[in-house]
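Trainee: Pick one part of this model and take me through it closely. I want to know how it packs and what lies around it.

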Amino acid sequence: VTASAPILVSDITPNSALAYPGGGMTFSAAFVGTLPISYQWQADTGGGATNIPYATNSSLTLGNLQPVNSGSYTLLASNSIGGPVSSGAAQLTVLPLPAFANAMMQDNPVGYWRLNETNSIAGGNLTAVDMTGNYNGVYGSAAVDGIAGPEPASGFLGFEPSNTAAQFTNGGTNSFVTIPPLNLNTNTVTIATWIYPIGTPGSYCGLASCRSEAEASGLDFTLNGQLGYTWNQGAPNTWRWDSFLFPPLNQWSFVALVISPASAIIYLCNTNGVQSATNAIAHTAEAFNATMLIGGDTADGGNGDRTFNGIMDEVAVFNSSLNQEQVLNLYFNGVAAPPNATAPTASPSTNLFVGDSVVLSELALGVFPFQYQWETNGVVLPGATNNSLALANLTLADSGNYSVIISDSLGVGAGLCAHQS
């Protein structure tokens with residue numbers, strides 16, 4: 001056999017790739033020649049080509065990608081005869097986060113699992129990347145990744161066109177994602193996710209559930225496909241509480257559980273509208289010092305009876321109680337519709353006397369930032385471009401209908417009228 005320096009026989013694949021923050025990418029190339037061949041990957045992300053530490057195989061896997069990883073990637077090969085011989089350059093572009101994921105990150109989650117992995121999970125060791133970089137999970141061997149999630153083609157404009165999700169199967173073992181202990185130790189918690197039930201969910205199946213010998217907490221279903229939750233160390237007045245919120249089957253819904261010291265609120269948002277239910281009882285701190293299951297609950301002993309039968313996407317846990325505006329803004333960032341407006345509120349009242357003062361305020365939900373323009377009786381009020389309008393020393397001429405036009409990058413929404421008299 002003739003000795004030779006490394007010869008490139010298969011250039012880098014893919015040679016051009018797009019990715020989103022938190023995702024992954026694998027590049028590979030092939031050389032032949034006198035063995036052994038040593039390899040070194042290099043990256044040029046704007047400051048010239050530099051060696052990537054420990055990247056010394058013929059393939060390169062990058063995880064938890066960020067915009068700073070955009071650039072060109074090459075593979076150098078050397079042996080005792082010669083080198084280094086370079087491959088061609090592969091281009092990687094990490095795009096900005098889509099609207100929904102960006103909104104999630106702005107609310108500072110403790111952990112956020114997009115569940116957009118697409119590699120094989122057969123070995124039960126595929127990583128479910130945590131966008132915060134803190135709590136990477138692991139797919140169970142019977143879960144399925146790469147399933148179509150909320151995406152623009154199905155009306156969810158706040159996601160990337162190739163957005164994927166994870167599917168779990170009730171009654172199957174290891175059909176969930178395992179998350180390491182979050183150690184929250186608080187009674188201000190929010191759990192949010194998109195779900196797509198396939199068939200009526202099994203009784204008490206988990207969506208995001210943490211259970212130890214002493215504690216039980218999380219978002220789940222109760223009976224007959226009704227959303228529920230468990231808290232206060234598994235107290236019956238949490239898991240037996242009726243929310244009367246039933247996510248429709250075979251349809252994406254955004255759901256959230258918000259725990260605060262004085263209440264628990266569950267939200268259900270989809271094309272049918274926005275609903276919520278409140279359990280007004282005291283809630284104590286939960287440790288979250290055991291593993292959390294996405295799509296399951298360890299209370300079934302591993303037989304899968306409490307595994308969610310359906311698809312889940314974009315699971316996040318916050319160590320704060322998100323308010324209604326924050327929760328609904330997440331949903332409206334997902335559907336990426338023009339601003340959703342409510343009727344302006346007046347403080348102290350809409351029934352006033354000459355000489356009084358009043359402040360009108362508007363709550364807009366959607367994709368930040370918003371632009372505002374107040375009107376009275378259909379006439380634009382110059383300079384009235386904030387989310388509130390202060391009127392002082394009122395006269396009879398100030399009586400009328402006040403409304404606000406709200407716009408963002410996705411369109412225009414008209415606020416409802418407030419009548420001032």
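Mentor: First, a cut-off: a residue is buried under 20% relative accessible area, exposed over 50%, and partly exposed in between. The model is predicted. At 22% relative accessibility, Tyr-196 therefore counts as partly exposed. Tyr-196 sits in strand E16, and E16 (189-197) helps to cover the buried residues of helix H1. That helix is our part.

H1 runs over residues 99-106. Its buried residues are Phe-100, Ala-101, Ala-103 and Met-104. They span an arc of only 160° around the axis, so they fall on the same side of H1. In general, an α-helix has 3.6 residues a turn, so residues three or four places apart point the same way.

What lies over that side? The cover includes strands E10 (111-113), E16 (189-197), E20 (253-260) and E24 (310-318), along with helix H3 (324-335). Phe-100 also belongs to a core of 28 residues. Met-131, Phe-318 and Leu-328 are among the other members of that core. Phe-318 falls in E24 and Leu-328 in H3. This core lies apart from the largest one, which has 44 residues. Trp-113 and Met-312 are among the residues with the most contacts inside the largest core. Trp-113 lies in E10 and Met-312 in E24.

Back to Tyr-196 in E16. Beyond its neighbours within four places in sequence, Tyr-196 contacts Asn-250, Gln-251, Trp-252, Phe-308, Gly-310 and Ile-311. Gly-310 and Ile-311 are in E24. Asn-250 is 54 residues from Tyr-196 in sequence, yet their C-alpha atoms are 5.7 Å apart.

H1 also borders open space. H1 and H3 each supply at least two residues to the lining of the second largest pocket. That pocket holds about 210 Å³. H3 gives the most to the lining, with five residues. Glu-325, Gln-326, Asn-329, Leu-330 and Asn-333 line this pocket. From H1 come Ala-99, Asn-102, Ala-103 and Gln-106. Ala-103 is thus named twice: it is buried, and it lines the pocket. Asp-107, Val-367 and Phe-368 are also in the lining. By class, the lining has five nonpolar, five polar and two charged residues.

One last detail concerns the backbone. Just after H1, Asn-108 takes a positive phi of about 60°.

Terms used. Residues are numbered from 1 along each chain as its sequence is written. This is a predicted model: local features need pLDDT of at least 70, side-chain atom pairs count only at pLDDT 80 or more; totals for chains, interfaces and linings use all residues. Side-chain values use heavy atoms; hydrogens and water are left out. A nonpolar core is a set of buried Ala, Val, Leu, Ile, Met, Phe, Trp, Tyr and Cys residues joined through side-chain atoms within 4.5 Å. Buried means under 20% relative accessible area, exposed over 50%, partly exposed in between (1.4 Å probe, protein chains only). Helices (H or I, at least four residues) and strands (E, at least two) are DSSP runs, numbered from the N terminus. The arc is that of the directions from the helix axis to the C-beta atoms. Contact means heavy atoms within 4.5 Å. On a 1 Å grid over the protein atoms alone, a cavity is a set of points where a 1.4 Å probe fits but cannot get out, and a pocket is an open set with protein on both sides within 12 Å along at least five of seven lines; lining residues have an atom within 4 Å of a point. Grid points are joined across faces, edges and corners, and a volume is the space filled by probe spheres set on the points. Ala, Val, Leu, Ile, Met, Phe, Trp, Tyr, Cys and Pro count as nonpolar, Asp, Glu, Lys and Arg as charged, and the others, Gly among them, as polar.
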